[in-house]
Amino acid sequence: MEQSNYSVGLDIGTTKIVAIIGKENEYGKIEVLGIGRSKSLGVHRGVVNNITQTIKSIQQAVEQAEADSGLKIGSVVVGIAGQHIRSLQHSDYITRANSEEVINEDDLDKLCNQVYKLVMLPGEEIIHVLPQEYKVDGQAEIKQPIGMYGGRLEANFHVVVGQVSSIKNIGRCIKSAGLDLGNITLEPLASSDAVLSQEEKEAGVALIDIGGGTTDLAIFKDGIIRHTAVIPFGGNVITEDIKEGCSIIEKQAELLKMKFGSAWPGENKDNEIVSIPGLRGREPKEITLKNLSKIIHARVVEIVEQVYVEIKNYGHEDQKKKLIAGIVLTGGGSQLKHLKQLVEYITGMDTRIGYPNEHLAGDSDQEIASPLYATAVGLLMNAIENRGRNLVYQEEIRNEEELVLEGHPERRATEKSKGERKTVFDIWSEKLKDFLDNAE
């Protein structure tokens, strides 16, 4: 199969690295062709802190995915998270030279590119510019201004900002692992593509992706992203607490959490005990499940409360901004027993667990439909969408060229502008590639 027929998503997490190869089938669903995962070494709280180890882990996951699918991986779409991510609201406008012409894609690109030029704090770079709604000549609440007449086009934007060094480090790891960087996407955006339905995004929903090192939040209302945040705590701090509270090693703490852990302490009876083998001939340790769930409960409450503060910051208590669809939990941490009930109890909002199976083809492996793979599936969807967009542009340019060859000189100007037009993503990718080349 040629490289152009399939795409690759690469999720560089704190606990695991997942490479997932797939393509779109004739029904618009995603067919997973191969998957590889490796233990993530060198990533702490979503940020690369050991380049050599991260490269090794990426290569391991990629080799496994290649062996699984029998395909060669070239370009990948990567997710970015970590505590350095912040978001802000910004308004901007452009004045159009000719208000007698209708607003087109170029005008929107021009407006977006203007926002990319915003001056950020030293060492920060804009990752995403997400339009909220547009205004044309003062007429507000326009979702899609293309095709309208107007002289002044303005918009509110949700701008996601990250640290230049962290973005560079990810790019460096990808390059050194022998891969091309197709695009960088904010992880909560990728997860939301995989697990949220359009109805939920319209009604208002908060996606909470509980990973190993970070908990990511994305809030949607009226089908538009309204707020994003990354909280620097995840499943690993729960494991750490169990390790210290029960005086056991990390491996045992992780197993205890997954097998017997519960976010609701009232569930366990006092006499339920787990015996853990001692190290090198020492006496085994006995741990009551009630104590275990108390330790877990205390930390989970802290994480959920921090997320709830972010939801309040967005303005959930305001009647107009109410999130009717409530909360969707995903990521590996969402598999903790009774977490759904605890989140409902703390926030008073309807909650469900989000599985990425909605967009997967029917015959996909059950394992991939786990919340663990929500971000990886979302990144794969992003990669497929970008490929589709590029193919459409190439097709448009090809059609224009054919028309010119057929002797339509009046088309020459449009053909030239089509060929020159770049999407915001292309411009950003080029900037990033220059960046990485200069970093060497």
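**Figure 1. Ile12 and its neighbours in the main nonpolar core.** In this predicted model, Ile12 touches Ile17, Val43, Thr54, Ile58, Val78, Ile170, Ile174 and Glu187, leaving out residues up to four places away in sequence. If you zoom out a little, you will find the largest nonpolar core, which has 56 residues. Leu10, Ile12, Ile58 and Ile174 are the members with the most contacts inside this core. Helix H10, spanning residues 374-405, gives the most to the core, with 6 residues. A second core, separate from this one, has 39 residues, and Ile210, Val301, Leu323 and Ile353 are among them.

**Figure 2. Asp92, a buried acid without a salt bridge.** Look for Asp92 in strand E7, residues 86-95. Asp92 is buried, yet no salt bridge is found for it. Arg152 has the nearest side chain of opposite charge, and that is 8.2 Å away. What Asp92 does have is a polar contact of 3.1 Å between its side chain and that of His90. Setting aside residues up to four places away in sequence, Asp92 touches Leu111, Gln114, Val115, Leu153, Glu154, Ala155 and Phe157.

**Figure 3. Ala155 in strand E10.** One of the residues that Asp92 touches is Ala155, and this view moves over to that alanine. Ala155 sits in strand E10, residues 152-163, and counts as buried because its relative accessibility is 4%. Its contacts, without neighbours within four places in sequence, are His90, Ser91, Asp92, Leu111, Glu133 and Tyr134. For a sense of scale, Ala155 and Ile142 are 13 residues apart in sequence, while their C-alpha atoms are 9.1 Å apart in space.

**Figure 4. The E13–E14 hairpin.** Strand E13 (residues 215-221) and strand E14 run antiparallel and are joined by 7 bridges. Together they form a hairpin with 2 residues between the strands. Asp222, in the turn, has a positive phi of about 55°. Across the pair, Phe220 stands opposite Ile225 of E14. E14 is mostly covered, with 8 of its 8 residues buried.

**Figure 5. His227 and its partner Glu310.** His227 belongs to strand E14, residues 224-231. With a relative accessibility of 14%, His227 counts as buried. A polar contact of 2.8 Å links the side chain of His227 to the side chain of Glu310. Beyond four places in sequence, His227 is in contact with His158, Leu217, Ala218, Ile219, Glu310 and Tyr314.

**Figure 6. Salt bridges, from E14 to the helices.** The model has a count of 14 salt bridges, and a few are shown here. Arg226 and Glu133 meet through their side chains at 3.4 Å, N to O. Arg226 lies in strand E14 and Glu133 in strand E8 (residues 124-136), so this pair ties together parts that are 93 residues apart in sequence. Arg226 is buried at 12% relative accessibility, whereas Glu133 is partly exposed at 23%. Asp241 and Arg299 form another salt bridge, with their closest N and O atoms 2.9 Å apart. This pair links distant parts of the chain, with Asp241 in helix H6 (residues 235-246) and Arg299 in helix H8 (residues 289-314), 58 residues apart. Arg299 is buried, with a relative accessible area of 17%. Through shared partners, salt bridges also join Glu133, Asp222 and Arg226 into one network.

**Figure 7. The Lys72–Glu66 pair.** Lys72 and Glu66 form a salt bridge whose closest N and O atoms are 3.3 Å apart. Is each partner buried or exposed? Lys72 is exposed, with a relative accessible area of 58%, while Glu66 is buried, with 16%.

How values were computed
Residues are numbered from 1 along each chain as its sequence is written. This is a predicted model: local features need pLDDT of at least 70, side-chain atom pairs count only at pLDDT 80 or more; totals for chains, interfaces and linings use all residues. Side-chain values use heavy atoms; hydrogens and water are left out. A nonpolar core is a set of buried Ala, Val, Leu, Ile, Met, Phe, Trp, Tyr and Cys residues joined through side-chain atoms within 4.5 Å. Buried means under 20% relative accessible area, exposed over 50%, partly exposed in between (1.4 Å probe, protein chains only). Helices (H or I, at least four residues) and strands (E, at least two) are DSSP runs, numbered from the N terminus. Contact means heavy atoms within 4.5 Å. Lys and Arg count as positive and Asp and Glu as negative; His and the chain ends are not counted. A salt bridge is a side-chain nitrogen of Lys or Arg within 4 Å of a carboxyl oxygen of Asp or Glu. A polar contact is a pair of N or O atoms within 3.5 Å; within protein, one must be able to donate a hydrogen and the other to accept it, and residues adjacent in sequence count only if both atoms are side-chain atoms. Two strands pair if DSSP finds at least two bridges between them.
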